[in-house]
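Subject: Model for your review

Dear colleague,

I am passing on the structure we spoke about, and my notes on it follow below. Please read them with the structure open beside you.

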Amino acid sequence: MENQIYKWINDPKHITEELLEGYVMAYADKVQLFGTHTIVRAQPKPEDQVAVVTLGGAGHEPALSGFVGKGMLDCSVVGDIFAAPGAPRLLEALKKFNRPAGILLVVLNHAGDVMSANMAKQMADAMNIKVKIMLTHEDISAGLDTPDQDRRGLAGCVPLYKIVGAAADAGKSLEEVYEIGERFNSQMATLAVAMKACTHPQSGVTIAELPLGEMEIGMGQHGEGGGGRSPLLSADETASKMIGPLMQKLQIQKGDKVLLYINGVGATTHMEMSIIFRKAGQVLQESGAELVDGKITELLTVQEQSGFQMILGKLDDDHVDYLKNHGSDAPYWTVNP
Amino acid sequence: MDVLTLEVFKQMINRAYTEVQAQETHFSALDAIAGDGDHGTAITEALAAVNDSAREGTEFNQMLTQMAMNAMTRSCGSTSTLIGGFFLGMGTAAKGVQLNVPQVKAMFRAGLASMQQNTQAKPGDKTLMDALVPAVTAMEAAEGDIKALFKAGAEAAANGAAATVEMQAAFGRARNLGERSIGHADPGASSWACMFGAFYNAIN
């Protein structure tokens with residue numbers, strides 16, 4: 001384990017503040033800072049529309065703050081590297097977005113995020129702030145039958161932000177936005193794979209080192225191990241090994257409309273991701289499923305880890321509409337229908 | 001020692017901060033085996049915030065609540081919320097400027113109860129609960145004065161943390177590692193055992 005930092009940073013203590021300052025400077029027409037660690041839209045939406053708020057650690061750029069903007073998130077509350085923001089900071093954001101229409105708080109299932117969200121919600125409830133929590137938990141690496149609370153939330157939150165963000169901006173009520181979002185949330189699944197570990201940007205410590213020539217299916221998005229280690233397989237073999245369980249989980253059938261995203265986590269090239277997509281897409285087509293939304297991109301990264309997350313979602317007509325026909329100007333997700 | 005005064009409690013907090021800080025790198029390295037390698041930093045930052053709030057404390061309830069809010073504001077991640085929940089809980093059960101033996105026992109029990117509202121982890125899961133639950137239980141069962149109570153807590157926490165080496169993680173991120181999680185102490189159990197050891201060292 002080396003403690004050498006190979007990154008262009010300044011003082012490791014100030015990584016999060018500095019990256020957020022750079023981000024809002026670059027996209028000043030779209031996003032701005034509220035306080036030191038909370039990203040909000042530069043043009044807030046009307047108060048009669050539901051606000052969509054999320055929270056999470058830094059070090060996963062462009063997630064999560066890259067998806068704040070018209071048609072997606074209203075607010076992203078940032079913690080520190082790989083660490084959830086504390087409840088007091090989240091409460092400040094909930095107070096800022098307090099409105100009769102209510103707030104949808106999207107939480108990825110990781111212990112720190114869930115504890116902060118629950119504690120902030122208790123405090124918000126006591127102040128009569130209307131908040132509904134939606135928990136994402138689509139990682140299937142722990143097994144297809146693992147209970148929701150034991151499955152992590154991975155990059156599947158990003159298409160969910162697009163769907164609930166579009167529904168909220170279209171004027172749907174909090175109950176309607178929640179229902180539309182939960183229908184997608186329960187019909188998506190993600191698997192992650194890695195072949196080379198990352199280092200923690202603040203400590204330089206290597207996280208869950210992988211021996212050369214091996215890969216691990218089920219890696220978490222902080223580089224933590226997932227259990228499914230094997231010798232390195234080819235792109236086609238890896239893609240097949242991942243798309244199979246995802247399709248099984250969602251019981252994909254002929255005629256189903258599906259979304260397939262390959263989310264690179266840092267060091268894996270778009271070349272490799274495209275080859276992976278090719279095989280996974282072929283398997284989907286052979287099953288008779290209709291691929292209506294595909295992406296080869298970096299949504300949520302894990303520093304210099306090499307690997308990717310494969311996200312599969314089963315879509316109904318509402319989801320297709322909100323994903324494809326509603327505009328978004330978030331810096332990392334632009335849609336111009 | 002028949003009572004725990006506010007001033008002595010502040011010294012215990014300061015000692016806990018100093019001893020945990022001295023092992024910051026060790027706790028982070030333990031966390032890197034199955035987690036994301038930041039536990040040492042997180043617990044040190046949280047205790048630094050708690051220690052700073054001690055300086056302004058004039059009464060147990062107000063000081064413990066302030067410690068909790070300051071820890072959760074200044075540090076991030078689950079460690080911050082767990083420490084915050086613990087001190088918030090302790091604050092609900094402690095008032096005034098000195099506590100007798102039953103009052104100290106009640107304060108630690110309330111801290112644990114508050115944390116258990118935030119996490120489902122239980123002893124045997126290879127988490128900080130493997131140090132904290134035996135510590136609080138031993139403190140409650142201890143006979144004698146304040147010193148005896150903290151001695152029992154420190155020993156139980158240390159034994160609990162040592163026992164996590166042989167455990168397979170059953171909670172949190174490390175759970176996915178299965179058998180590979182065996183062979184190393186849990187970072188949270190280790191840092192909390194260090195804290196309880198420091199509480200006793202401060203008064204011994």
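To begin with a single residue, does A:Gln251 count as buried or exposed? A:Gln251 has 9 C-beta neighbours inside 10 Å, and because 12 or fewer is the cut-off for that class, the residue counts as exposed. Please keep in mind here, as throughout, that this is a predicted model.

A:Gln251 sits in the loop between helix 6 (235–250) and strand 12 (257–264) of chain A, and although it is not a glycine, its phi is positive, at about 50°. A:Phe82 also has a positive phi, of about 55°, without being a glycine, and its place is the loop between strand 4 and helix 2 of chain A. A:Phe82, however, has 30 C-beta neighbours inside 10 Å and therefore counts as buried.

The loop between strand 3 (51–58) and strand 4 of chain A, which holds A:Pro62, deserves a look at its backbone. The peptide bond that runs from A:Glu61 to A:Pro62 is cis, with omega near 10°. A:Leu64 lies in the loop between strand 3 and strand 4 as well, and the bond joining A:Ala63 to A:Leu64 is likewise a cis peptide bond, with omega about -10°.

As for chain A as a whole, it contains eight helices and 16 strands. Its radius of gyration is 19 Å, close to the 20 Å given by the globule rule for 337 residues, so chain A is as compact as a globular protein of that length. The C-alpha trace of chain A spans about 55 × 50 × 35 Å along its principal axes, and 56% of the 337 residues count as buried. If one takes the contacts in chain A between residues at least 6 apart in sequence, 72% of them join residues at least 24 apart.

Turning to where the two chains meet, 35 residues of chain A are in contact with 28 residues of chain B. On the chain A side, strand 4 (75–81), helix 2 (87–96), helix 3 (111–126) and strand 9 (206–207) each supply at least two residues, and the largest share, six residues, comes from helix 3 of chain A. By class, this side of chain A has 14 nonpolar, 18 polar and three charged residues.

Within chain B, two helix pairs are worth describing. Helix 5 (residues 77–92) and helix 6 (residues 101–118) of chain B pack at an angle of about 135°, with their axes 7 Å apart, which means that helix 5 of chain B is oblique to helix 6 of chain B. Their crossing is right-handed. Among the residues that meet are B:Gly85, B:Phe86 and B:Gly89 from helix 5 of chain B and B:Ala110, B:Gly111 and B:Ser114 from helix 6 of chain B, and the residues of this contact divide into ten nonpolar, seven polar and no charged.

In the other pair, the axes of helix 3 (residues 39–56) and helix 4 (residues 60–74) of chain B come within 8 Å and cross at roughly 145°, and this crossing is right-handed. The residues making the contact include B:Glu45, B:Ala49 and B:Asp52 of helix 3 of chain B, together with B:Met63, B:Met67 and B:Arg74 of helix 4 of chain B. Here the contact residues divide into seven nonpolar, three polar and three charged.

With best regards

Key: Residues numbered from 1 in each chain as written. Chains lettered and ligands numbered in written order. Predicted model: local features only at pLDDT ≥ 70, side-chain atom pairs only at ≥ 80, totals over all residues. Axes fitted to C-alpha atoms, helices over the stretch in contact; angles between N-to-C directions. Helix = DSSP H or I, 4+ residues; strand = E, 2+ residues; numbered from the N terminus. Parallel < 35°, antiparallel > 145°, perpendicular 65-115°, else oblique. Left-handed = near helix turned anticlockwise from the far one by under 90°. Contact = placed C-beta atoms within 7 Å. Nonpolar A, V, L, I, M, F, W, Y, C, P; charged D, E, K, R; others polar. Rg over C-alpha atoms; globule rule 2.2 N^0.38 Å. Buried ≥ 20, exposed ≤ 12 C-beta atoms within 10 Å, placed from the backbone.
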